[in-house]
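Grab a pencil and work through these exercises one at a time. Try each task yourself before you read its solution.

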Amino acid sequence: MSGPDAAGATHAPLAFAVLAHHVVTLDAARSDGLLSGFDLMSPYVWRRDAAYQLLVRVLPNPLGPDDATGIIYAGTSRDGQFFEMAHDPAIVPGPDDVDAAGVEDPTVVRSGEQVMVFYTGVEKGRTRGSLLVAEGHDITAMTKRKVLLQAPDGEGNIKEATVAQGADGKYRLFYEYAREIEPGRAASRIGMAIADSLEGPWTVADDPFTVRDDAWDNWHLSTGPMLSRAGKPNVMFYNGATDDARWRIGWIAFDENYTQVVDRCVEPLIVPPPPRLRSGIDIAFAASCLDEHDGIHLYYSLEDRVLRRATIGWLVTE
């Protein structure tokens, strides 16, 4: 069903349906594993040759004042659901202050034989999060390169990068940032920057879209993965929430150069089940997707704790 931002759209209305949900497991997260008892977030999955590759943010539960807010581990899988994890992390905090407190939310971009990982670095003291990049031929041997983007005055942490290339050849970098909406109350928003190459420099542009007052995404917005098919609008599976932080996953569609919203969901695509524990949080959060032969495989987290994969169908409408 077309949303309220789709005025003037010339394409057939878009529609998606969730066909199945699957549990994503890591061998290292078993009761006797290296990551047993840790929270798992931001699963970024992509294909390389015949295997599935994974980067995931790992953090202790509960998180202590001196603990890293995230360490990024890598894994591989034959089926995209059960991953064998490397013993050593792929990206760790430090030694520079810019990411000394944690490394979070990896996003992978292939550039020839190189793998570029856009990630959030949390500064020493947890005062600010900036967007950084690490690069290498293999996800188990990454080298940190530089800071790509830092939040300007009046905006909070930059995180949850999503990278897409328009028909004009330029790259769009979507990211989450915090904006003060009322005195003492901040909300997450989605920003965008543009560059001629993945290495930048990146120029901040207007926000690509915003909240809707009377909808499920009326307070918070955060980026999600992008899906591009020839002859179809570009679709982002984004994350939205109310002011009490009940996060759901929806979708929004753009034109070929991400200059205009052409369609948007009315209702969320994925609503999380009730938390397993009373202490759990009401959140489903999309991180990556693959366009596979049996549907769109959307990887997401529940309760900022466990990993899931949804199979989504792109429905044909007239």
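Strands here are DSSP runs of E with at least two residues, numbered from the N terminus. Keep in mind that this is a predicted model.

**Exercise 1.** Describe the largest pocket: what is its volume, and which strands each supply at least two residues of its lining?

*Solution.* Start with the volume, which is about 660 Å³. Next, look at the walls: 32 residues line the largest pocket, and Y44, V108, V163, M226 and C289 lie nearest its centre. Now go through the strands. Those that each give at least two lining residues are strand 2 (38-48), strand 6 (102-111), strand 10 (159-165), strand 15 (226-227) and strand 19 (284-292). Finally, sort the lining by class, and you get 19 nonpolar, eight polar and five charged residues.

**Exercise 2.** Do the same job for the second largest pocket: what is its volume, and how does its lining divide by class?

*Solution.* The volume comes out at about 270 Å³. Of the 16 residues lining this second largest pocket, M41, W247, I283, F285 and D304 are the closest to its centre. Strand 2 and strand 10 each supply at least two residues of this lining. By class, the lining of the second largest pocket holds six nonpolar, three polar and seven charged residues.

**Exercise 3.** Work out how many disulfides the structure holds, and explain why C289 has no bond to C265.

*Solution.* The count is zero. Take C265: it's in no disulfide, and the nearest cysteine sulfur belongs to C289, 15 Å away. To count as a disulfide, two cysteine sulfur atoms must be within 2.5 Å. The sulfur of C289 has its closest cysteine sulfur in C265, and because that one is 15 Å off, it's too far for a bond. Are these cysteines buried or exposed? Buried means under 20% relative accessible area. C265, at 3%, is therefore buried, and C289, at 14%, is buried too.

**Exercise 4.** Find N257 in the chain, decide whether it is buried or exposed, and list its contacts beyond its sequence neighbours.

*Solution.* First, the location: N257 sits in the loop between strand 17 (247-254) and strand 18 (261-264). Second, its relative accessible area is 16%, so N257 is buried. Third, set aside the neighbours within four places in sequence, and N257 is in contact with G166, A167, D168 and R172. Last, zoom in on A167: its backbone nitrogen lies 2.9 Å from a polar atom of the N257 side chain. The cut-off for a polar contact is 3.5 Å.

Terms used: Residues numbered from 1 in each chain as written. Predicted model: local features only at pLDDT ≥ 70, side-chain atom pairs only at ≥ 80, totals over all residues. Heavy atoms only, no water. 1 Å grid on protein atoms, 1.4 Å probe; cavity = no way out; pocket = protein on both sides within 12 Å on 5 of 7 lines; lining within 4 Å. Points joined across faces, edges and corners; volume = space filled by probe spheres on them. Helix = DSSP H or I, 4+ residues; strand = E, 2+ residues; numbered from the N terminus. Nonpolar A, V, L, I, M, F, W, Y, C, P; charged D, E, K, R; others polar. Buried < 20%, exposed > 50% of the residue type's maximum accessible area, 1.4 Å probe, protein only. Polar contact = N/O pair within 3.5 Å; in protein donor to acceptor, adjacent residues only side chain to side chain. Contact = heavy atoms within 4.5 Å.
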